[in-house]
Structures are given as structure tokens and as C-alpha cells.
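Reader: I would like to learn how to read the features of a model such as this one. Could we go through them one at a time?

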Amino acid sequence: MSLNVEQISKYSDKHPKPSSTTFTYGTAGFRTIGETLESTVFRCGMLAALRSQSKQGKVIGVMVTASHNREEDNGVKLVDPMGEMLQQSWEGYCTTMANAATSEEVVEVLAHIVQEERIDLTIKPRVAYARDTRPSGPLLQAALEDGLSALDVDASNYGVVTTPQLHYFVRCMNTENSSAAYGEPTEAGYNAKYGQAFLRLVSGKQTPTKLYIDAANGVGAPQVLKLADAINSPYFNIEVRNSDTQTLGKLNVDCGADHVKSNQRPPAGVTLVPGSRYCSFDGDADRILYYYADEHGTFHLLDGDKISTLVATYLRDLVSTAGVDDLQVGVVQTAYANGNSTSYIKDTLKLPTVFAKTGVKHLHHEAEKMNIGVYFEANGHGTVLFNPSAVAKLRAVEPATPAQVDAVERLWALRDLINESVGDAMSDMLLVETILICKGWTLPQWDEAYTDLPSRLLKVVVNDSTIFKTTNAEQTLMSPPLLQDVVDSLVTKFPRGRAFVRPSGTEDAVRVYAEAATRRDCDQLAYSVAGAVFDKAGGRGERPSEFI
Ligand code: NG1
Ligand code: ZN
């Protein structure tokens with residue numbers, strides 16, 4: 001059997017590539033102005049089909065979203081059979097495919113992949129797809145459906161759901177009726193699985209105060225309300241803010257996890273009352289952060305690092321109570337993790353920790369190497385993985401005391417509560433809520449573990465961000481030449497100073513991160529480094545110069 005060139009060309013001619021744009025499959029798939037993505041999304045449909053055939057007809061996911069980015073942006077990424085990010089070796093195919101200039105070239109690239117991957121075209125490809133609430137979503141979804149039709153895919157449309165829900169559905173479909181069955185691949189199945197695990201873990205404890213959720217005016221708003229309906233218990237007492245998914249121009253604007261983390265202040269539409277509890281999702285609900293105001297009204301952020309230390313501590317203690325001593329809990333972070341969180345994990349919790357490159361696929365792979373791997377980006381994207389040897393060790397344990405029985409049961413229930421396929425704001429929220437309820441903790445009590453070093457994240461727009469090359473988990477610049485020496489010499493001027501520069505994988509810009517012992521030093525360091533990047537590496541627009 002060979003590719004149906006006539007059918008592919010007919011569909012492909014409907015979705016020509018914009019001639020002036022070059023697309024790259026980056027940290028989170030393709031991401032750019034939504035209107036320019038039609039040809040790319042169409043082609044991703046066909047790539048998903050081939051990927052499915054290369055995996056003997058397993059379901060591949062396609063998610064159309066641009067997460068926390070501007071409403072006019074959009075994006076598309078492929079999801080592998082166990083709900084994980086697309087295997088890296090296929091990213092190159094995606095980029096080549098997206099940049100094929102003509103329909104003839106598209107067919108050539110498809111034929112090349114078929115040959116390289118020895119794909120059996122007689123296998124029926126299966127794809128599950130969904131989108132977020134962006135206005136360009138329906139147009140892109142129609143293009144995707146053409147791509148799926150071009151290769152006669154057996155397709156399941158999940159409509160408007162969160163990114164992690166789609167990852168969950170893919171994993172469920174591919175594990176159905178097996179010993180690794182993950183759950184029912186429907187919204188109701190998702191809500192039932194996570195809701196029931198949550199209730200199992202908290203029942204009998206004191207009910208918490210209300211949790212206010214900023215849903216970034218995105219897909220998390222309707223979905224978390226459905227989750228609350230399914231749970232239907234005072235243990236999940238929520239009020240959703242920034243839930244307007246209908247009005248244009250509101251998605252992620254002055255709200256959502258990225259806004260809260262970057263600006264270190266509460267979102268619009270939420271007035272913080274001391275004693276109350278708040279969290280923010282991002283636009284596709286794969287990130288979550290908590291925050292509160294103290295009695296002086298000062299804002300305090302509990303970011304991904306705080307979540308990962310809370311979760312790692314809880315798991316470490318349960319493993320120890322359960323008496324599964326050789327079961328090791330580890331933590332994976334990126335260079336954006338606050339320096340004090342890393343010291344806390346190493347010196348106080350005494351848990352192993354490693355740094356991965358930015359982007360959850362890199363953290364995920366590191367976490368897979370640990371028995372129980374907790375991974376979070378500081379921006380609130382992360383989850384927990386139990387590797388097969390952890391599962392085997394848990395199965396083998398023979399608890400002798402009621403405390404051990406309880407701890408083992410809790411570990412199993414936690415595994416059901418966690419979306420292991422990818423970071424998930426709703427599942428992570430239930431995990432944090434569980435731990436807080438079980439410990440009887442307020443947000444300030446959780447926050448006591450360690451104090452963040454002041455940090456600052458800046459963005460510098462340059463003429464060509466591709467000249468930036470890094471090494472050492474993206475903390476050291478190899479190119480442009482000599483710029484790293486400048487960064488190093490600036491860092492030494494500030495007590496506890498740390499700074500690094502890397503090109504963004506989701507925006508055409510360079511990111512500068514700095515931290516230091518005081519807010520003033522931190523800002524001076526951040527702006528000096530950003531200024532050096534601007535001066536020495538082709539800065540465009542306004543020079544970053546707020547403090548210097
Ligand atoms: P880039 O644009 O590559 O920095 C951002 C985040 C990542 C990750 C991706 C995907 C920071 C500094 N970077 O990547 O952590 O979440 O978006 O959404 O937060
Ligand atoms: Zn997101």
C-alpha cells in the first residue's frame with residue numbers, strides 16, 4: 001500500500017504554507033500567530049497519522065493551544081501513546097513538514113518519513129484531538145480535520161478541553177482493557193477518577209476554607225466547574241474567577257498563572273483578603289500557582305518550587321511510614337527554580353535533585369529515572385511519576401501496623417490522584433488540597449518551609465535569537481562569544497547572585513533570569529545582564545533599563 005498522493009494533494013492545496021514564515025517545533029510544539037498556522041496544523045494531522053501507524057495503530061493526540069500566550073497566538077503539539085510529549089526524534093520531521101513549500105514537497109516529506117520509520121501503511125491510524133478556547137481554534141481544527149481525512153484517520157474529537165485532559169484521554173485509550181488501564185477516556189471518566197481519589201484521601205479530615213480559582217478566562221473555567229459538580233463535596237469548596245471564555249480579548253490578559261508569576265502580583269478580578277486561599281491556572285490549565293495576602297496585605301506566591309517541595313515532603317514521609325525504605329523520592333527542577341528551594345531540597349529534605357533543561361519533556365525524562373520523581377517548573381507546570389520499580393516495591397510491601405496500612409493505601413490513592421501523563425492544573429490542585437487538608441495547614445503554614453530569594457525574569461527582543469546557544473542545562477552561553485564572561489563578571493558583584501540567559505523556545509525572544517540576596521541587588525543584576533544582552537547581541541526596540 002502506498003500514500004494516496006491525489007487525495008493528499010487535494011487537501012494540501014486547500015492549506016498552502018505562508019511563504020514568508022519559517023516554523024519550528026519548539027519547547028511546546030509549534031506556536032505563533034494563530035492565523036498563520038493553518039498549513040502547519042493541517043500537516044500535524046498527517047504527521048499524527050504516521051506516528052500512530054509507526055506505533056502499530058496506537059492513538060496519538062493533537063492539541064491546539066497556545067497555553068499562557070496571547071489570545072491571537074495559537075499552537076499545536078502532538079501527544080505520544082502514553083500521554084507523554086512527542087518523542088524528540090520526530091520533532092525534526094514536524095519542522096521539515098511544516099516548512100515544505102508546496103504540496104509536492106509535502107508528499108515527498110511524508111514518503112521520506114514512511115521510508116525512514118518503515119511505516120506499515122495498511123495499519124489504521126487513530127488520532128484524538130482537542131483545542132482550547134482561542135478564537136482561531138475552530139479554523140485550525142477544521143484544517144486539522146482535513147489533515148486527518150487526507151490519511152483516512154479514525155479520529156476522536158474531544159472538543160474544548162484542557163491540555164492535560166487530552167493527554168489523559170490518549171493514555172486511557174491506549175491502555176484500555178490492559179493491566180495498565182488508566183481510566184475511562186471521557187470528561188466524566190476524568191472527573192470520576194481524580195474526584196474519587198481525592199475523596200478517598202481526605203475523608204474524615206476537617207473540611208477546608210473556600211479556594212478562589214483564577215481560570216485565566218480559559219478552558220480551565222468550564223472544566224473545573226464540571227470537576228466540582230462531579231466531586232460535589234464540601235472538601236472541594238471553590239469559586240471560579242476570570243471565567244469569561246466568550247468575550248474576545250480576555251484570555252490570559254492581566255490574569256492567569258503566567259501573569260501572576262511574571263509580575264509577582266494577584267490577577268485582575270481578584271482582591272486578596274488575608275486568610276483566604278487563591279490559585280491561578282494558565283490558559284490551557286496545565287500550570288497552577290497558589291498565593292495569599294498576609295495580615296499586612298503583602299502578596300505571597302507559592303509557585304511550582306513550593307508545590308514540588310510540599311509534594312516531595314509528603315511523599316517522602318509516607319514512604320518512610322509505609323516502611324518501603326529502598327523507595328527513593330527525588331525532585332527534578334530547571335535552572336529557573338529558586339536557589340533557596342534547591343538548597344531546601346538538598347540540605348533540609350535530604351532528597352536527590354537534578355536540573356533538567358526548560359520544557360516539561362526534559363523534566364519528565366529525568367523524573368522517569370527516579371523511583372518516585374517529582375518534577376515542577378517554577379512556573380507551576382509539573383507532576384509526579386511512579387516508575388515501574390516503585391510500583392513493584394509498593395506491591396511487594398507487607399504492612400504490619402495500622403499506620404503502615406494507611407500509608408500504603410495513601411500512596412496508591414495518590415497515584416490515582418496524579419495525572420502522570422503531564423502536568424495538570426486540576427489534578428495538581430487536588431493533590432495540593434489533599435496535602436493541606438491532611439496536614440490541616442493554611443497557605444502561610446505551607447509557605448514557612450523556606451523563603452524565596454528575590455528573583456526577576458526579563459525578556460529581551462533581539463534581531464536573531466537563534467545565535468544564542470547554551471550548555472549546562474541552559475545555564476551557560478556558548479554563543480554569542482564572550483557574552484557569558486560578561487554575565488559571570490556581573491554575577492560576582494552580588495551576594496548570592498545567579499543569572500543566566502537562554503533563547504525562549506515558545507517566543508521569538510531571549511530570557512534573562514537573575515536572583516540575589518536582596519530585591520535591589522536582584523533587579524540590578526537582572527537589568528545589567530539584560531542590558532548586556534541588548535548591547536552585545538543585537539537588541540531590538542527599547543533597551544531594558546528600568547533600574548540602571
Ligand atoms: P520558553 O519560552 O522556552 O522559556 C516557556 C516556559 C517553560 C515552559 C514552556 C511551555 C519559563 C521561563 N519558560 O518556555 O518553562 O513552560 O513555556 O509552556 O517559564
Ligand atoms: Zn499551559
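Reader: Which protein donors does the zinc ion (ligand 2) have, and how far from it do they lie?

Author: In this predicted model, the zinc ion (ligand 2) has Ser67 as a donor through OG, together with Asp282, Asp284 and Asp286, each through OD, and these atoms lie 2.0 to 2.1 Å from the ion. Along the sequence, the donor residues follow the spacing S-x214-D-x1-D-x1-D.

Reader: What kind of site do the angles among the four donor atoms describe?

Author: Ideal angles at a metal are 109.5 degrees for four tetrahedral donors. Here the angles among the four donor atoms of the zinc ion (ligand 2) run from 88 to 164°, and the site is irregular; water is not among the atoms, so a site may look incomplete.

Reader: How should I read the surroundings of ligand 1, and which residues are closest?

Author: One begins with the shell and then turns to individual contacts. Ligand 1 is surrounded by 15 residues, of which Glu377, Ser504, Gly505, Thr506 and Arg511 are the closest, and the shell comprises three nonpolar, seven polar and five charged residues. Oxygen atoms of ligand 1 lie 2.7 Å from a side-chain N or O atom of glutamate 377, 2.8 Å from one of arginine 502, and 2.6 Å from a polar side-chain atom of arginine 511. Of the 430 Å² of accessible area that ligand 1 has on its own, the protein covers 92%.

Reader: How many disulfides does the structure hold, and why is cysteine 255 not bonded to cysteine 279?

Author: A disulfide requires two cysteine sulfur atoms within 2.5 Å, and the structure holds zero disulfides. The sulfur of cysteine 255 has its closest cysteine sulfur in cysteine 279, at 13 Å, which is too far for a bond. Cysteine 255 counts as buried at 3% relative accessibility, and cysteine 522 counts as buried at 0%.

Note on methods. Residues numbered from 1 in each chain as written. Chains lettered and ligands numbered in written order. Predicted model: local features only at pLDDT ≥ 70, side-chain atom pairs only at ≥ 80, totals over all residues. Heavy atoms only, no water. Near = heavy atom within 4 Å. Polar contact = N/O pair within 3.5 Å; in protein donor to acceptor, adjacent residues only side chain to side chain. Areas by Shrake-Rupley, 256 points an atom, 1.4 Å probe, with all protein chains shown as cover. Nonpolar A, V, L, I, M, F, W, Y, C, P; charged D, E, K, R; others polar. Buried < 20%, exposed > 50% of the residue type's maximum accessible area, 1.4 Å probe, protein only. Donors = N, O, S within 2.8 Å, 3.2 Å for Na, K, Ca; no water. Tetrahedral: all angles 85-135°; square planar, octahedral: opposite > 155°, others 65-115°.
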